[in-house]
Amino acid sequence: MSLPKDDPITFEEEENRLPVRSITVAFILTGIGFVLLISAIGVGVHHPRKALYILIVGSICIIPGLWALLMIYRARSGQRGYRVDQVNLFDK
């Protein structure tokens with residue numbers, strides 16, 4: 001026997017579920033950003049202009065990744081003002 005969709009218990013469980021795909025995308029963005037930032041430091045020794053481009057792309061990756069991870073962490077730790085349903089969803 002399954003519960004109806006308008007059952008408050010079912011709705012609450014769906015609302016507090018971790019957005020797995022969003023967490024995965026956030027980790028991937030953060031990882032790519034860190035790799036690019038470290039690469040920019042290495043490339044900057046010989047090619048400062050190329051390093052600037054890599055630094056910009058790395059920043060574009062790392063900022064939303066870290067922001068999403070911070071929002072997920074604060075929502076799951078129960079800090080006031082943060083909820084799991086406020087996390088950016090990369091599912092849709």
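In the predicted model, residue T30 touches C61, I62, G65, L66 and L69, when residues up to four places away in sequence are left out of the count. T30 itself lies in helix α2, which covers residues 20–44, and it is buried, because its relative accessible area is 7% and the cut-off for a buried residue is under 20%. Besides these contacts, the side chain of T30 reaches the backbone nitrogen of L66, at a distance of 3.5 Å.

The partners of T30 lead to helix α3, which comprises residues 48–77. The buried residues of this helix are A51, G58, C61, I62, G65, A68, L69, M71, I72 and A75, and what covers them includes α2. Among the residues that T30 touches are C61, I62, G65 and L69, and these four also appear in the list of buried residues of α3. In an α-helix there are 3.6 residues to a turn, so residues three or four places apart point the same way. The length of α3 can be checked against expectation: at 1.5 Å a residue, its 30 residues should span 44 Å, and because the C-alpha atoms at its ends are 41 Å apart, the two values agree. After α3 comes G78, a residue whose phi is positive, near 85°.

Two tyrosines of α3 may be considered next. Y53 lies in this helix and counts as partly exposed, because its relative accessibility is 46%, a value between the limits of 20% for buried and 50% for exposed residues. Together with L52, L55, I56 and I60, Y53 makes a nonpolar surface patch of about 480 Å². Y53 and A40 are 13 residues apart along the chain, and their C-alpha atoms are separated by 8.1 Å. Y73 is likewise found in helix α3, but this residue is classed as exposed, because its relative accessible area is 55% and the cut-off for exposed residues is over 50%. The distance from Y73 to V84, taken from C-alpha to C-alpha, is 9.2 Å, and the two residues are 11 apart in sequence.

A75, also in helix α3, is buried, because its relative accessible area is 11%, which falls under the cut-off of 20%. Leaving out residues up to four places away in sequence, A75 touches Y82, R83 and V84. A75 and D85, which are 10 residues apart in sequence, have C-alpha atoms 8.7 Å apart in space.

With regard to the chain as a whole, the model contains 3 helices and 0 strands, and its elements, read from the N terminus on, follow the order α-α-α. Of the 92 residues in the chain, 23% are buried. The chain exposes about 7200 Å², of which carbon and sulfur atoms supply 65%. When contacts in the chain between residues at least 6 apart in sequence are considered, 62% of them join residues that are at least 24 apart. The contacts of T30 with residues including C61 and L69 illustrate how a residue of helix α2 can touch residues that lie further along the chain, among them buried residues of α3.

How values were computed
Residues numbered from 1 in each chain as written. Predicted model: local features only at pLDDT ≥ 70, side-chain atom pairs only at ≥ 80, totals over all residues. Heavy atoms only, no water. Patch = residues over 30% accessible without salt bridge, like charges linked within 9 Å, V, L, I, M, F, W, Y side chains within 5 Å. Areas by Shrake-Rupley, 256 points an atom, 1.4 Å probe, with all protein chains shown as cover. Salt bridge = Lys/Arg side-chain N within 4 Å of Asp/Glu carboxyl O. Buried < 20%, exposed > 50% of the residue type's maximum accessible area, 1.4 Å probe, protein only. Contact = heavy atoms within 4.5 Å. Polar contact = N/O pair within 3.5 Å; in protein donor to acceptor, adjacent residues only side chain to side chain. Expected span 1.5 Å × (residues − 1).
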